[in-house]
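Visitor: Hi! I'm new to this one and would love a quick tour of its empty spaces and some helix packing. Can you show me what we're looking at?

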Amino acid sequence: MSEDLRTVEPPAPLPEADGLFGVSADAAHLNHGSYGAVPVPVQRAQDRLRVEHELDPDGFFADLPARVGAARVRIAAELGTDPDRLALVTNVTEAVSIALDTIPLAPGDRVLVTDHGYGATTWAVARRAAEAGAELVTVPLPLDAPDEHVVRDAVLAAVDDRTRVAVLDRITSPTARFVAARELLAELRGRGVTTVVDGAHAPGMLPAPVDGQADFWFGNLHKWAFAPRATGVLSVRAEWTDRVRPLAVSWEHPRGFPANVEWRGTCDYTPWLAAPAGFELLHALGTERVAAHNARLAAYGQRVLAERAGLAPLPAPPEVWMRTVRLPAGWAETEADVKAVMAEVWKRLATRVAVRPWAGGGVLRISAQLYNRSEEYERLADGLAELLRN
């Protein structure tokens with residue numbers, strides 16, 4: 001699954017990326033996968049929209065549904081999906097609630113998640129299952145599972161005749177690996193299981209990321225697609241669109257999906273209108289060049305963390321722009337420990353990383369984006385080596 005890290009060298013920076021982001025040069029921002037960083041040209045596109053909005057608020061809102069629809073069409077083309085099956089949302093946290101509110105559940109039904117899922121998504125599933133009297137089943141996936149076949153077998157082994165829904169990640173947030181592969185989704189569909197895919201990290205990183213096998217698929221555009229926060233998408237298979245329950249009933253409700261999901265009255269829609277500018281920037285830079293740079297830089301970061309800090313690298317698909325390593329036993333095994341570790345890394349090393357708790361040693365995740373440099377990972381590795389010794 002992972003490439004041979006011993007041969008990975010850092011990529012040359014893309015010259016066009018100089019000055020493209022406004023992140024502080026006084027710190028190493030190695031956690032793009034959490035909140036992203038909006039490129040300056042996209043910030044300016046959104047700023048122009050905000051000025052336009054304030055010049056004539058009534059006029060701006062008058063044709064806003066049509067403009068949101070036009071932005072959705074452009075975004076759908078970038079994601080390789082049907083705009084009539086796609087709705088713009090603020091983020092994955094919102095999208096999962098819409099999906100879960102739409103899917104009928106009855107007492108005794110079983111809903112599957114994995115222990116690599118995003119925490120807020122799993123909490124949303126747990127709440128919905130409890131309300132319906134359904135059973136939440138958490139499938140454990142070994143941190144060192146070598147490939148997608150092991151993941152697939154573990155998920156399918158947990159499916160029985162009471163399994164109604166499976167909520168799976170395309171790329172897991174804490175461990176940066178694939179779960180909801182096309183073959184697994186097809187097998188679950190064949191067994192009558194409704195599939196909900198958390199694709200938070202896929203847009204911008206993976207080509208044509210929306211998988212038509214999934215009943216519900218959602219992702220964020222503010223992480224890797226250069227969109228402003230908060231911009232996300234929710235894709236729904238055709239047989240579900242008439243049943244989707246939006247979070248709020250609005251004046252667009254009679255139009256049905258996707259307008260009934262997108263419109264929430266007096267909100268700031270400028271992030272959505274500016275989102276196509278993020279894709280335009282990706283194309284201008286060269287999507288394949290960006291992907292090759294970020295994937296290679298993330299792998300190099302994992303290499304130096306393994307070599308200099310002695311941390312165990314965890315398996316990862318080579319095309320993903322994040323990597324993870326295992327902290328020693330006793331480190332970051334609880335939520336409180338995680339916060340303490342991240343705070344100490346920030347205080348001592350002026351570096352932002354993501355850490356998640358795990359029994360036997362937490363998981364530290366690094367990300368790679370165009371503004372990152374190889375020496376930032378090297379300083380992190382050397383600093384962690386000292387921190388762990390003490």
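Guide: Happy to! One thing to know up front is that this is a predicted model. Shall we begin with the enclosed spaces?

Visitor: Sure. What classes of residue line the largest cavity?

Guide: The lining of the largest cavity has 6 nonpolar, 1 polar and 4 charged residues. Among the residues in that lining are Pro65, Val68, Gly69 and Arg72, along with Glu252, Arg255, Trp263 and Trp272.

Visitor: And how much space lies in the largest cavity?

Guide: About 70 Å³.

Visitor: Which helix gives the most to that lining?

Guide: That would be α4, with 4 residues. Helix α4 covers residues 64–79, and α9, at 259–262, also supplies at least two residues of the lining.

Visitor: How many cavities of 30 Å³ or more are there?

Guide: The count comes to 2. The second largest cavity holds about 50 Å³ of space.

Visitor: What lines the second largest cavity?

Guide: Its lining includes Val113, Thr114, Gly117 and Tyr118, as well as Val167, Asp169 and Asp198. By class, the lining of this second largest cavity has 3 nonpolar, 4 polar and 2 charged residues.

Visitor: Which elements do they come from?

Guide: Strand β3 (110–114), helix α6 (119–132) and strand β5 (163–169) each supply at least two residues of that lining.

Visitor: OK, on to pockets. How much space lies in the largest pocket?

Guide: About 1,000 Å³ of space lies in the largest pocket. The lining is made up of 45 residues, and those nearest the centre of the pocket are Ser34, Tyr118, Gly119, Ser173 and Arg356. You have met Tyr118 already, since Tyr118 also lines the second largest cavity.

Visitor: Nice. Which helix gives the most to the lining of the largest pocket?

Guide: Helix α12 does, with 5 residues. Among the other elements that each supply at least two residues are α1 (32–35), α5 (92–102) and the strands β11 (351–352) and β12 (354–356).

Visitor: How do the residues of that lining divide by class?

Guide: They divide into 17 nonpolar, 18 polar and 10 charged.

Visitor: And the second largest pocket, how much space is in there?

Guide: The second largest pocket has about 330 Å³ of space. It is lined by 18 residues, with Gly204, Met205, Leu206, Pro207 and Thr287 closest to its centre. By class, the lining of the second largest pocket has 12 nonpolar, 3 polar and 3 charged residues.

Visitor: Which helices supply at least two residues of that lining?

Guide: Helix α4 does, and so do α10 (270–285) and α11 (287–309). Helix α11 gives the most to the lining of this pocket, with 4 residues.

Visitor: Changing topic: at what angle do α7 and α8 pack?

Guide: Helix α7, residues 148–157, packs against helix α8, residues 182–190, at an angle of about 20°, and their axes are 10 Å apart.

Visitor: What does that angle make them?

Guide: Angles under 35 degrees count as roughly parallel, and α7 and α8 are therefore roughly parallel to each other. Helix α7 passes α8 in a right-handed crossing.

Visitor: Which residues meet there?

Guide: From α7 come Arg152, Val155 and Leu156, and they meet Leu184, Glu187 and Leu188 in α8. By class, that contact of α7 with α8 has 4 nonpolar, no polar and 2 charged residues.

Visitor: Great, thanks for the tour!

Key. Residues are numbered from 1 along each chain as its sequence is written. This is a predicted model: local features need pLDDT of at least 70, side-chain atom pairs count only at pLDDT 80 or more; totals for chains, interfaces and linings use all residues. Side-chain values use heavy atoms; hydrogens and water are left out. On a 1 Å grid over the protein atoms alone, a cavity is a set of points where a 1.4 Å probe fits but cannot get out, and a pocket is an open set with protein on both sides within 12 Å along at least five of seven lines; lining residues have an atom within 4 Å of a point. Grid points are joined across faces, edges and corners, and a volume is the space filled by probe spheres set on the points. Ala, Val, Leu, Ile, Met, Phe, Trp, Tyr, Cys and Pro count as nonpolar, Asp, Glu, Lys and Arg as charged, and the others, Gly among them, as polar. Axes are lines fitted to C-alpha atoms, for helices over the stretch in contact, and angles run from 0 to 180 degrees between N-to-C directions. Angles under 35 degrees count as roughly parallel, over 145 as roughly antiparallel, 65 to 115 as roughly perpendicular and the rest as oblique. A crossing is left-handed if the near helix is turned anticlockwise from the far one by less than a right angle, and right-handed if clockwise. Contact means heavy atoms within 4.5 Å.
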